[in-house]
Structure formats: C-alpha cells, structure tokens
Amino acid sequence: MSRVAVVPGSFDPVTLGHIDVIARSADLYDELHVVVVHNPNKTALLDLEDRVQLISRAISDAGLGANITVASWGEGLLVNYCTKVGARVIIKGIRNQADVTYETPMALVNRNLSGIETLFMLPEPGHAYVSSSLVRQVASLHGDVRPYVPHVVAEFLAARSHSN
Ligand code: PNS
C-alpha cells in the first residue's frame, strides 16, 4: 500500500521554507499532495490558481515532482481532501514556538475529526525567519524578495508590481 501525505497551506506565496518542507516530505512518502487551501482568517494576495501554478513550477525547477501532486481545495475541511486521496498524515513546517502554538489546535481538531495525524517538520534553519506575510510586505514596498522565494515567484511578484 502506498504511503500518502499532505502538505497543506495558504502558500500566499510559496517560500523557500515551504519548498524545503515539501522536498523533505516527498523524500519520506510514496505520494505527496501539496494542497493550497483558502484560509478564511487571512486576506489573500494571490488567487488560488496562481498559487497552484507557482508551486508546480517551483517544484519542477527544484528537480522535484515525480511523486508530488499540487492541488487546491476550496470544498471545506482539509481532512476531507486527505480522506479522498488516502492520506493518513498531514505535514506542517514549524519554524518557532509561535508556529507550534498556532498549529497545535488545528492538528488536534483534524485528528478528532478524522483520525488523521499531523507531523511537525523542522525546515532548514536558514529559512526559519521566512514567512509569506513578510514576503508580501517586502514585495508591496518594492523590496527584493529573491532571497526568500523560488525564482518563479520573485518574477511573478515583480511583474505584478510593475503592472500596478
Ligand atoms: O498556511 P496556513 O494559512 O497556516 O494554512 C492553514 C490551513 C489553510 C491549512 C488551515 O486554515 C486549514 O486547514 N483550512 C481548511 C479548513 C479546515 O479544515 N479547518 C478545520 C481544521 S483547522
């Protein structure tokens, strides 16, 4: 039986920290689903389809992808997506204590709802301070986001900022 895991998130936009967690997770599981989920508590910069496209291109540029599916999920609970694809595990990257505090209730609710476990993964320490919200802020102020995001994302944000 193949082992399937899900890496969910807003990915608004995907960062090098996310790609690191995706790469490590794809190495551990037979099949990995990277799922862009609308977070009702956040106002999004990019639409879901752009986020899916950028993740797909960044994964392929990183030489990954053989066992990775990128999808969006706008149809309710994340655990329903996991059940649909046969995943018993959700993987979330953890940078610091604040992430543990934020992620723990979601992990427990997801397990109560479905029995699906959440595993917390430590990314490369060099990415520990990178967040999508910081990238959005730097990009909105026309700063250089290249150290924090895949090349395709930096290009996409630069093109958007020139057209605004
Ligand atoms: O990258 P984020 O914003 O921290 O990701 C959070 C996300 C989108 C994974 C979370 O909000 C989520 O799972 N939303 C889907 C709705 C859901 O299943 N809610 C119940 C358990 S949290």
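**Salt bridges and a ligand site**

Reader: How many salt bridges does the count come to?

Author: The count comes to 9 salt bridges, where a salt bridge is a side-chain nitrogen of Lys or Arg within 4 Å of a carboxyl oxygen of Asp or Glu. This is a predicted model, in which local features need pLDDT of at least 70 and side-chain atom pairs count only at pLDDT 80 or more, while totals for chains, interfaces and linings use all residues. Residues are numbered from 1 along each chain as its sequence is written, and side-chain values use heavy atoms, with hydrogens and water left out.

Reader: Which residue forms a salt bridge with D12?

Author: D12 pairs with R136, and their closest N and O atoms are 3.7 Å apart. D12 lies in the loop between β1 (4-9) and α1 (16-28) while R136 is in helix α5 (residues 132-140), so the pair ties together parts that are 124 residues apart in sequence; helices (H or I, at least four residues) and strands (E, at least two) are DSSP runs, numbered from the N terminus.

Reader: Switching to the ligand, what lies 2.5 Å from an oxygen atom of it?

Author: That is a polar side-chain atom of S10, and the pair fits the rule for a polar contact, namely N or O atoms within 3.5 Å. An N or O atom in the side chain of K42 is 2.7 Å from a ligand oxygen atom, and for a polar side-chain atom of Y102 the distance to a ligand oxygen atom is 2.9 Å.

Reader: And which helix gives the most to the shell around the ligand?

Author: Helix α4 (residues 97-114) does, with 3 residues, where a residue counts as near if one of its heavy atoms lies within 4 Å of the ligand.

Technical notes: Polar contact = N/O pair within 3.5 Å; in protein donor to acceptor, adjacent residues only side chain to side chain.
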